[in-house]
Amino acid sequence: MEKTLAKKDFPQWVKKLTSWKIYLPKKDAGGRWNYAEADGEDVLETRQATLPPKTILFPQNEILLEFSKSRKGNAETLEVKEVLPPAEPTVVFGVRPCEAKAAWLLDEVFASEPRDIYYWMRRENTTLVGLACTPPPSDNCFCTSVEGSPHAEEGSDILLTDLGDKYYVRSLTAKGEALINAAKGLFEEAKPEDRKKVKAVHTESEKKIQRELKGARAVSEKLKTMFDSPFWDEEAMSCLRCGICTYICPSCHCFDINDEIIDTTPLRGKRVRTWDTCQFPDFTMHSSGHNPRPDKASRLRQRLLHKFQYFVQVYDKFMCVGCGRCITMCPVGIDIIKVLEKVRDHGA
Ligand code: SF4
Ligand code: SF4
């Protein structure tokens with residue numbers, strides 16, 4: 001389904017979606033862009049939010065179950081109650097195509113057995129409306145180097161392209177069609193000249209990507225030979241092990257699970273899943289005290305090998321979508337493109 005929507009009608013579209021909870025990128029009080037709930041005065045902007053929309057599909061903290069113990073005479077009973085996410089139809093507007101592609105990668109991970117029902121309840125209830133990047137939202141974008149593009153469709157249910165005074169609206173799934181059908185009167189059939197313009201806009205935006213990693217597949221092959229290289233010690237020297245590069249990454253998905261005790265008499269508590277990071281020393285700490293990744297070098301190596309070697313081996317896809325966030329936000333300027341270029345050229 002290919003339609004157009006006058007930009008002035010976008011707030012009307014949002015208002016008509018009364019059965020959905022709506023998110024879109026908004027500037028917060030601190031001046032940062034982040035996905036937040038719509039408030040009726042909504043416009044779409046090509047901005048890169050500090051945190052990607054994975055926060056909606058895979059929240060930073062979530063309760064998996066609650067437990068309590070009760071005693072009757074000498075008998076103790078443990079009650080466990082599963083806490084599933086609310087089945088709440090949700091729409092996220094203005095998703096960067098690389099962020100939707102990251103959701104498509106997370107689908108691979110969370111679909112593997114045992115299928116993660118917490119992730120999938122949110123994912124199946126969420127419609128992602130991508131907005132093609134015209135222009136790229138960051139100087140560090142490099143999606144075209146990792147088999148993506150500023151108008152990639154993977155993971156999106158609809159892809160919008162800004163044509164000046166209107167959006168070109170390409171529906172990609174039944175979930176996307178349902179959003180258009182909920183406000184049918186606002187849309188017009190796309191015309192051949194609109195399609196021509198979209199093509200030109202997409203080609204132009206690809207040319208505006210400023211960063212490039214040449215030969216990403218060759219990097220992937222080279223990494224197989226560098227596990228024991230002293231290279232990682234040199235590259236990780238300045239790392240502060242803050243974990244920012246992983247928390248803000250749209251495709252990173254490591255988590256920890258803890259039981260938190262709310263009360264002891266009688267015992268009452270909850271099991272909580274929280275984002276974790278391979279950049280923290282205790283991430284791989286065994287209860288014996290042994291740590292297979294005891295230093296910064298082995299942890300930086302893990303981040304890069306997971307994204308550019310192991311994931312490629314298993315799924316034939318990079319687990320990096322080239323959003324550039326980890327480059328922009330690393331406090332000591334560790335630049336994933338520069339590190340991977342050195343890998344590619346290592347020993348050449
Ligand atoms: S953001 Fe930079 S300093 Fe922090 S853990 Fe990642 S690479 Fe190290
Ligand atoms: S590794 Fe860096 S550039 Fe790649 S998707 Fe994650 S944050 Fe973006």
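Strand S8 (residues 158-162; strands are DSSP runs of E of at least two residues and helices runs of H or I of at least four, numbered from the N terminus) is largely enclosed by the rest of the structure, because four of its five residues are buried, a residue being buried if 20 or more other C-beta atoms lie within 10 Å of its own, exposed if 12 or fewer and partly exposed in between, with C-beta atoms placed from the backbone. This is a predicted model, in which local features need pLDDT of at least 70, side-chain atom pairs count only at pLDDT 80 or more, and totals for chains, interfaces and linings use all residues. Residues are numbered from 1 along each chain as its sequence is written, while chains are lettered from A and ligands numbered from 1 in the order in which they are written.

S8 pairs with strand S7 (residues 126-131) in the parallel sense over three bridges, where strands pair if DSSP finds at least two bridges between them, and Leu131 stands opposite Leu160 in S8. With strand S9 (residues 166-171), S8 pairs in the antiparallel sense over five bridges, and Thr161 stands opposite Tyr168 in S9. Three residues lie between the strands of the S8 and S9 hairpin, in which Gly164 takes a positive phi near 100°.

Phe110 belongs to helix H3 (residues 97-111), and it is partly exposed because 19 other C-beta atoms lie within 10 Å. Leaving aside neighbours within four places in sequence, Phe110 is in contact with Asp116, Tyr119 and Trp120, contact meaning that the C-beta atoms, placed from the backbone, lie within 7 Å. Phe110 and Lys338 are 228 residues apart in sequence and 30 Å apart in space, C-alpha to C-alpha.

How values were computed. Two residues are in contact if their C-beta atoms, placed from the backbone, lie within 7 Å.
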